[in-house]
Amino acid sequence: MQTYRVAIVGTGGIAAVHASNLARTDDRAELVAACDVDDARLQAFADQHEIVGRYQTLTELLAESKPDIVHLCTPPMMHIDQAIECLEAGAHVLSEKPPALSLADFDRLNDAKAKGGAQFSCVFQHRFGDASAAAQSLIGGSDFGRPLVARCDTLWYRPDEYFDLPWRGTWKAEGGGPTMGHGIHQFDLLLHLLGPWEEVNAIASRQARATSTEDFSAALVRFENGAAATVINSLLSPRETSDIRIDCEFATIELSHLYGYSTKDWTITAAPGHEDTVSSAWSGQPLERGSGHSAQFLAMYDALDAGLPLPAGADSARQTLEFAAAIYASAFTGQPVRRGDIVPGHAFYEGMDGEGRGTRVLASTARA
Ligand SMILES: NC(=O)c1ccc[n+]([C@@H]2O[C@H](COP(=O)([O-])OP(=O)(O)OC[C@H]3O[C@@H](n4cnc5c(N)ncnc54)[C@H](O)[C@@H]3O)[C@@H](O)[C@H]2O)c1
C-alpha cells in the first residue's frame, strides 16, 4: 500500500474535518501542504496540523509540493477551475461538494488535459458506510425485493446569520440553496441506492430566509427501476434530521441521522412472512464502518492502489448534479424534467437559476 501525499486547498470550516479524518487513515496519507488566500488562517491551520508546505496559491502548491491528491475545500464557485488545474498538473482531485455550479461548468472537466491518469472525485461521504453498501447490494435482490416507494428528507435548520459568509445562499457562488448545498448529500445517497432516476416534478420556494436562492424544495421522482420517491430539502426545520426510507417488496430500509451515520442509525423491517430471510440477509453483511470523510478517503486509496477508477468519480458526481439541475428546472418552469433533458442550449444547463428564471419565480412567490 502506498502512502499518498495529500494537500488541502482552502483551510476554513470543512478543511478541519478533512485534516482530522486524514489522521484516521492509518498512515495511508500524509498531509504535506495547505493553501489559503487568507494567510492568518493558513498559518493557524498549518500550525495545528503540523503541515510543512504553506502556500497562498494553488499554482505554487502544485509546483513545489507535488501532491498525489489535492482536497478542494474552497467555496463552491472555485471547485472546477481548481480541479482542472490540479488534473493538468497530474494530481488527483477530491473536491468538496457541490462539484460545480452547473452542468456546463462541470462539463469543462472534459476539456482538462489530465496528466498521468489523474482523476476527479467528489466528496459524497454518505455513500461510504458499510450499511449503505449492504443496502445497495440487497435492494432489488431476492431477499428484499424490488424497491417500490421511497422518501429522502434533508430537514435542517440554518438561521439568518448562517448566510453571513459572502458565498452562501447565492446563485453565483453556491449555485443554489438547500438543494445544491445541503440536500445534495442525502439525495446523492438515494441515487446511489436506487440507481438512475427518470423524471422529476418539483417545487422550490423562499419561505423565510433572506437569501437570493430557495430555502426549501420538494420533488416527486420516478426511477428507471419503477420506484417512486419524494425528496425534500429544507433549511427551515428546527428539529433537524436527515432521513431515507425505501420500501421494497419484502423489507423497509430506514436511515435516520443528521450529518453522518453509524450502522445503528439503520432500521430494517421485514414484511410479514419474510422475517427470517430479511434478517439473515442484513446480518450477513459486513456492518462495521459508519459514513464519513475518512471512509471515503480509504475507499479512494484502495481504488488508487488497485489502479481502479475512483469512487464517486466524475460520471456519478455528474448524475447527482444533473438531478439537482432537474429539481430547479422543474420547479422554475412548472414542467416535468427527464434525465438527459438538460443539455447545451437548455436554460438550466448553464446555471441552476435557469438564466434568471429562478430569481424571478422566487421573487414573485417569496414569503421572506
Ligand atoms: N461534505 C460536507 O459535509 C461539507 C460540509 C460543509 C461544507 N462543505 C463544502 O466545503 C466547501 C467549503 O466550505 P467551508 O464551510 O469550509 O467554507 P469556508 O468559507 O469556511 O472555507 C473556505 C476557505 O477557502 C479559502 N479560499 C477562498 N479562495 C481561495 C483560493 N482561491 N485559494 C485557496 N483558498 C481559498 C477561504 O479563505 C476559506 O478559508 C464548500 O463547497 C461547502 O459546500 C462540505
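## Packing of helices H6 and H8

In this predicted model, helix H6 (residues 130-138) packs against helix H8 (residues 183-194) at an angle of about 40°, and their axes are 8 Å apart. The two helices H6 and H8 are therefore oblique to each other. On the H6 side the contact is made by Ser132, Ala135 and Gln136, while H8 contributes Leu189, His192 and Leu193. Sorted by class, the contact of H6 with H8 comprises three nonpolar and three polar residues, and no charged residues.

## Strand S5 and its parallel neighbours

Strand S5 (residues 92-95) is joined to strand S4 (residues 69-72) by four bridges, and S4 and S5 run parallel; within this pairing, Ile69 stands opposite His92 in S5. Between S4 and S5 the chain passes through helix H4 (residues 79-88), and the resulting β-α-β crossover is right-handed. S5 also pairs with strand S6 (residues 120-122), again in the parallel sense, over three bridges, and here Val93 stands opposite Phe120 in S6.

In a regular strand, side chains alternate between the two faces of the sheet. In S5, His92 and Leu94 point one way whereas Val93 and Ser95 point the other way, and all of these residues are buried.

## Ala89 in the loop before S5

Ala89 is found in the loop between H4 and S5. With 19 other C-beta atoms within 10 Å, Ala89 is partly exposed, because a residue counts as buried only if 20 or more such atoms lie within that distance. If neighbours within four places in sequence are left aside, Ala89 is in contact with Leu62 and Lys115. The C-alpha atoms of Ala89 and Asp302, which are 213 residues apart along the chain, are separated by 22 Å.

## The eight-stranded open sheet

An open sheet of eight strands, with mixed pairing, follows the order S13-S12-S11-S7-S10-S9-S8-S14. Strand S13 (266-270) and strand S14 (337-338) stand at the edges with a single partner strand each, so one side of each is left without a neighbour in the sheet. Strands of a sheet pair through backbone hydrogen bonds, either parallel or antiparallel. Strand S12 (residues 251-257) and S13 run antiparallel and are joined by five bridges; in this pairing, Thr267 in S13 is the bridge partner of Glu254.

Helix H11 (residues 314-333) lies across strand S8 (197-205), strand S9 (216-223) and S14, and runs at about 55° to S8.

Terms used: Residues numbered from 1 in each chain as written. Predicted model: local features only at pLDDT ≥ 70, side-chain atom pairs only at ≥ 80, totals over all residues. Buried ≥ 20, exposed ≤ 12 C-beta atoms within 10 Å, placed from the backbone. Pairing = 2+ DSSP bridges. Right-handed = clockwise from strand over helix to strand, strands pointing away. Axes fitted to C-alpha atoms, helices over the stretch in contact; angles between N-to-C directions. Parallel < 35°, antiparallel > 145°, perpendicular 65-115°, else oblique. Contact = placed C-beta atoms within 7 Å. Nonpolar A, V, L, I, M, F, W, Y, C, P; charged D, E, K, R; others polar.
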